[in-house]
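Me: I am new to this structure and would be grateful for a close look at a single part of it. Please choose a buried position, and then describe its surroundings.

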Amino acid sequence: MTTVDLPLLPLGRGVDLNSERGVECPGDLPPASDPDLVARATAAKAALGDKVFILGHHYQRDEVIQFADVTGDSFKLARDAAARPDAEYIVFCGVHFMAESADILTTDDQAVVLPDLAAGCSMADMAVLGQVEAAWKALEDAGVADQVVPVTYMNSSADIKAFCGRHGGVVCTSSNAQTVMEWAFERGSKVLFLPDQHLGRNTAVLKLGIPLDKNVVWNPRKPNGGLTAEEIQDATVILWQGHCSVHGRFSPDTVDALRAEIPGINILVHPECQHEVVLKADLVGSTEFIIQTIEAAPAGSAWAIGTELNLVKRLAAAHPDKRVMFLDKTVCYCSTMNRIDLPHLVWTLESLAAGHLVNQITVDAQTAADAQTALQRMLDLPGKTERD
Ligand code: 13P
Ligand code: SF4
């Protein structure tokens, strides 16, 4: 299987021809068919000059990435934004939780802008503050809350990061989850891992050697998370029942089929993939790790990658001397990442250039302070990541 030029997901197309346009775009959103979109984005960006800094997550479309001043994963982009205090506008081509993190880490004089407010993250939405507070109450009732350190993945709302900040917890990314979990176990005998059960399980079992049966799953839709007090007391890791709708799709069967079809193929997956997939993979790591691994791979090597399709296609195009393919038979874009398209970027840049601040993402001061506490605990850790 080689990567082919697959069509984009037909987001919102059908009966409502305007629905793919997202929400709240006052003024004119240019049509995707406008032949001048590239020229318009170029002109608006030039007019804004140093006032604007455009961040592009690795899963963004090529048409958007071409205008990014810097590309990266969510954590790197938040740090890059913080390193540009002179830029009045940070245009975040990514999803909502990333723009929130950028707002927390940038100065009050900077505005973080998300070109389409419909660019959320289904995983982040799976952990809502009220649900997490109810879970914490259940941990208190089971008599274990004082032993539990909450750890939240970067891919969570500012509310959840703030909850962790208030409860002695911390944020992690896909590249430092092991270091962060070790930090947590120096402070408590149990971890509540939010919101991605797969990253939590893969890290606990494969990196820290915690037995699989010491990981239990908290289902926020069931009374007491679907667990008895004894199960909670016996668990070492309480995994929130959340997942990434993109990475959760890869299956162990596809790994087997590809290995049978292409002897010697390397399977490289993101830790948001299911545990059964990660167990069968040759390498597992964050988006940045995946990029670095393909860059360092020898010519002629074959790779099937389990991560978002925009990135896999870009890696295949950038490395024609290597056989780079997608670890799934079907199209697997992140539909919310794909909400940010060139028309929305043009609309955003032209609005800013005309003096209209649009789609600003703000986190209230108390939430930002508490979330910053959890982020800072991560930033203060020695810089050990999967790549060290
Ligand atoms: P990273 O960018 O941290 O690898 O996370 C992957 C992802 O799913 C981003 O939404
Ligand atoms: Fe969320 Fe997954 Fe999309 Fe990342 S790839 S934004 S975790 S749904």
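Reply: Gln-60 counts as buried because its relative accessibility is 0%; buried means under 20% relative accessible area, exposed over 50%, and partly exposed in between, with a 1.4 Å probe and protein chains only. This is a predicted model, in which local features need pLDDT of at least 70 and side-chain atom pairs count only at pLDDT 80 or more, while totals for chains, interfaces and linings use all residues; side-chain values use heavy atoms, with hydrogens and water left out. Residues are numbered from 1 along each chain as its sequence is written, and chains are lettered from A and ligands numbered from 1 in the order in which they are written.

Gln-60 is placed in the loop between strand S1 (52–57) and helix H2 (62–65). Helices (H or I, at least four residues) and strands (E, at least two) are DSSP runs, numbered from the N terminus. Apart from its neighbours within four places in sequence, Gln-60 is in contact with Ile-65, Cys-93, Gly-94, Asn-310, Arg-314, Met-337 and Ile-340, where contact means heavy atoms within 4.5 Å. With Met-337 there is also a polar link: a polar atom of the Gln-60 side chain lies 3.1 Å from the backbone oxygen of Met-337. Such a polar contact is a pair of N or O atoms within 3.5 Å; within protein, one must be able to donate a hydrogen and the other to accept it, and residues adjacent in sequence count only if both atoms are side-chain atoms.

Strand S1, which precedes this loop, belongs to an open sheet of four strands with the order S2-S1-S3-S4 and parallel pairing. S2 and strand S4 (111–113) stand at the edges with a single partner strand each, so one side of each is left without a neighbour in the sheet. From one strand to the next, the twist averages 25°. S3 and S4 run parallel and are joined by three bridges; two strands pair if DSSP finds at least two bridges between them. Here Val-91 stands opposite Val-113 in S4.

Val-91 also has a place in the nonpolar interior. The largest nonpolar core has 130 residues, and Val-91 is among the members that touch the most others, together with Leu-139, Phe-193, Ile-305, Leu-327 and Leu-349. A nonpolar core is a set of buried Ala, Val, Leu, Ile, Met, Phe, Trp, Tyr and Cys residues joined through side-chain atoms within 4.5 Å. Beyond four places in sequence, the contacts of Val-91 include Val-52, Phe-53, Ile-54, Leu-55, Leu-345 and Leu-349.

Two helices complete this view of the sheet. Helix H14 (residues 342–353) lies across S1, S3 and S4, running at about 175° to S3; axes are lines fitted to C-alpha atoms, for helices over the stretch in contact, and angles run from 0 to 180 degrees between N-to-C directions. Helix H3 (residues 74–82) has Ser-74, Phe-75, Leu-77, Ala-78, Asp-80 and Ala-81 as its buried residues. These residues pack against S1, strand S2 (70–72), strand S3 (89–93), H4 and helix H15 (365–379). At the start of H3, a side-chain oxygen of Asp-73 reaches to within 2.9 Å of the backbone nitrogen of Lys-76.
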